[in-house]
Amino acid sequence: MLAPSAGGGNPAGDGPGVSLTETRWRPRGGGPQTLTMASPQTSFVRARVGGLPRPFWALWSGTLVNRIGTMVIPFTGVYLTQARGLSVAAAGVVMAVYGAGSLFSQPLAGMLADRVGRRITLTGGMAATSAAMIWLGHSTSLPMIMTAMFALGLVIDAYRPASSALVADLVSPAERPRAFALLFWAVNLGFSVAVTAGGRLAELGFHWLFWINAATSLGFAVLVWRAVPETRPERGESAGGGFGAVFRDRVMVAFTLVVLGNAIMYSQTVTMLPVAMTRIVGVGDFGLAMAVNGVLIVVMQPLVAGWLGRLDGPVTMAAGLAVMAVGFAMTAFVTDLGSLMASVAVWTLGEIATAGTAAAIVAALAPPALRGRYSGVFGLAWSASTVLAPLLGGALGVTGGALWFVLGAVGLASAAALLVLGPSIRRRSRAALT
């Protein structure tokens, strides 16, 4: 097994801003060796993407490829109603079945990542996703569609606990926030391409979406299998205990509830926010406003990831949650495209601040042998939000400001709870380094 990387320092040059050369003598014979120091531009790039091990970049590349091909899920409702002729109510039931599969996915995948290995769980999940995509694309009857959707929900995000555990195994604690933030950036960059291309390809035929999604999922599996080593600790290297150990960890359970608050806020962006805002600004302008989210993340995330990673994790995430809370509360006052874009910009800035921090905290809390399970419980909070967010929206309604003010309160309460948890998280993080 590969031991976790102890590297991760900033390899950028120390020069003040001009390109310099340095002459060194080879240890044994030969002529002098000339090394070129990094230019300011190179140093700028290396400070943000350098110092991470090669297997991480294979994982990052696979994530990007996979997300570029993630074309089916954003258009599932359209596919079910237009291509398969289902009613809106029937399509809603099918999507709920998909959510049920997702609830089982994260704990199961986390257990497998710890028991059989990170690499085999990730590649197996992606290969299964490829097969499920083809299955769903060729299903015509409602029972078969529902079965395929449950299977897809079960496997499509099974890679997440294994991916998080791989990053924790491969990357030093100081560099984990930056590494997780770079993965977050890859996900958003790829998804932006997928939504844009998927809309065009759907006009040519939905079958293109399924085949491309299947191909990129399989490509992710092959890339990780060939370029990423297994990192699961040998048995006995760290204390076991299964999920019981995770749920007895009060700090982890409390932090998972904080993450659930974060997830309930963010899940509204794909549940009730489109329903509410398209009534005010229309479908086209809503898409334009949501483009602000993608543009800000793609442009800003690489620039600030290194700086955010050097800050105190709990405080940074709490600040991000508070900013998100303000942004979602601002939605109650949206009357036109400009005010909607302003609210999206505010909660996106909060999202950028939280990106990578939560996963890095989970990695610090988890014993090495249980990193998959800890990541699975972390992912369960996000899966649960896909069920709870629409229920909350349905109960409060999308007219008036009640939903958005409640979301703001949830975000502020989550931020306050994280500040209370901060000392415990910091003690555990320091203990993990000793």
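Axes are lines fitted to C-alpha atoms, for helices over the stretch in contact, and angles run from 0 to 180 degrees between N-to-C directions. With that convention, this tour visits three helix pairs, two nonpolar cores and several buried residues of a predicted model.

**The whole chain**

Begin with the entire chain displayed as a cartoon. The chain holds 18 helices and two strands. Of its 434 residues, 49% are buried. Consider next the contacts between residues at least 6 apart in sequence: 83% of these join residues at least 24 apart.

**Stop 1: helix 4 and helix 7**

Select residues 88-115, which form helix 4, and residues 159-170, which form helix 7. The two helices pack with their axes 7 Å apart, at an angle of about 45°. Helix 4 and helix 7 are therefore oblique to each other, and their crossing is right-handed.

Now show the side chains where they meet. Helix 4 contributes Gln106, Ala109, Gly110 and Ala113, and helix 7 contributes Arg160, Pro161 and Ala162. By class, this contact of helix 4 with helix 7 has four nonpolar, two polar and one charged residues.

**Stop 2: helix 5 and helix 7**

Keep helix 7 selected and add helix 5, residues 118-137. The axes of helix 5 and helix 7 come within 8 Å and cross at roughly 150°. Angles over 145 degrees count as roughly antiparallel, which makes helix 5 roughly antiparallel to helix 7. Helix 5 passes helix 7 in a left-handed crossing.

On the helix 5 side, select Arg118, Thr121, Leu122 and Met126; on the helix 7 side, select Tyr159, Ala162, Ser163, Ala165, Leu166 and Asp169. The residues of this contact of helix 5 with helix 7 comprise six nonpolar, two polar and two charged. Ala162 deserves a label, as it appears in the contact with helix 4 and in the contact with helix 5.

**Stop 3: Arg373**

Move to Arg373, which is placed in helix 17, residues 371-396. Is Arg373 buried or exposed? Arg373 is buried, with a relative accessible area of 8%. Display its surroundings: not counting residues up to four places away in sequence, Arg373 touches Gly110, Met111, Asp114, Arg115, Gly242, Phe243 and Val246. Gly110 was also part of the contact between helix 4 and helix 7.

**Stop 4: the largest nonpolar core**

Next, select Met252, Phe255, Met317, Leu340, Tyr374 and Leu418. Among the 46 residues of the largest nonpolar core, these six touch the most other members. Which helix gives the most to this core? Helix 11, residues 250-267, does so with eight residues.

Centre the view on Tyr374. Setting aside neighbours within four places in sequence, Tyr374 is in contact with Ala245, Val246, Asp249, Met252, Val362, Leu365, Ala366, Pro367 and Arg428. A second, separate core has 35 residues, including Ala58, Tyr159, Leu170 and Phe220. Tyr159 has already been seen in the contact of helix 5 with helix 7.

**Stop 5: helix 11 and helix 16**

Return to helix 11 and add helix 16, residues 357-365. The axes of helix 11 and helix 16 come within 11 Å and cross at roughly 165°. The two helices are therefore roughly antiparallel to each other. Helix 11 passes helix 16 in a left-handed crossing.

Select Val251, Met252 and Phe255 in helix 11, then Ala358, Ile361, Val362 and Leu365 in helix 16, to see what makes the contact. By class, the contact of helix 11 with helix 16 has seven nonpolar, no polar and no charged residues. Val362 and Leu365 are also among the residues in contact with Tyr374.

**Stop 6: Gly356**

Step back along the chain to Gly356, found in the loop between helix 15 (337-354) and helix 16. Gly356 is buried, with a relative accessible area of 11%. Apart from neighbours within four places in sequence, Gly356 is in contact with Pro177, Phe180 and Ala181. Add Met317: Gly356 and Met317 are 39 residues apart in sequence and 9.3 Å apart in space, C-alpha to C-alpha.

**Stop 7: Gln301**

Finish at Gln301 in helix 13, residues 283-309. Gln301 counts as buried, at 1% relative accessibility. Not counting residues up to four places away in sequence, Gln301 touches Ala181, Phe184, Trp185, Leu296, Ile352 and Ala355. Ala181 links the last two stops, since Gly356 is in contact with Ala181 and Gln301 touches Ala181.

Conventions. Residues numbered from 1 in each chain as written. Predicted model: local features only at pLDDT ≥ 70, side-chain atom pairs only at ≥ 80, totals over all residues. Heavy atoms only, no water. Helix = DSSP H or I, 4+ residues; strand = E, 2+ residues; numbered from the N terminus. Parallel < 35°, antiparallel > 145°, perpendicular 65-115°, else oblique. Left-handed = near helix turned anticlockwise from the far one by under 90°. Contact = heavy atoms within 4.5 Å. Nonpolar A, V, L, I, M, F, W, Y, C, P; charged D, E, K, R; others polar. Buried < 20%, exposed > 50% of the residue type's maximum accessible area, 1.4 Å probe, protein only. Core = buried A, V, L, I, M, F, W, Y, C linked by side-chain atoms within 4.5 Å.
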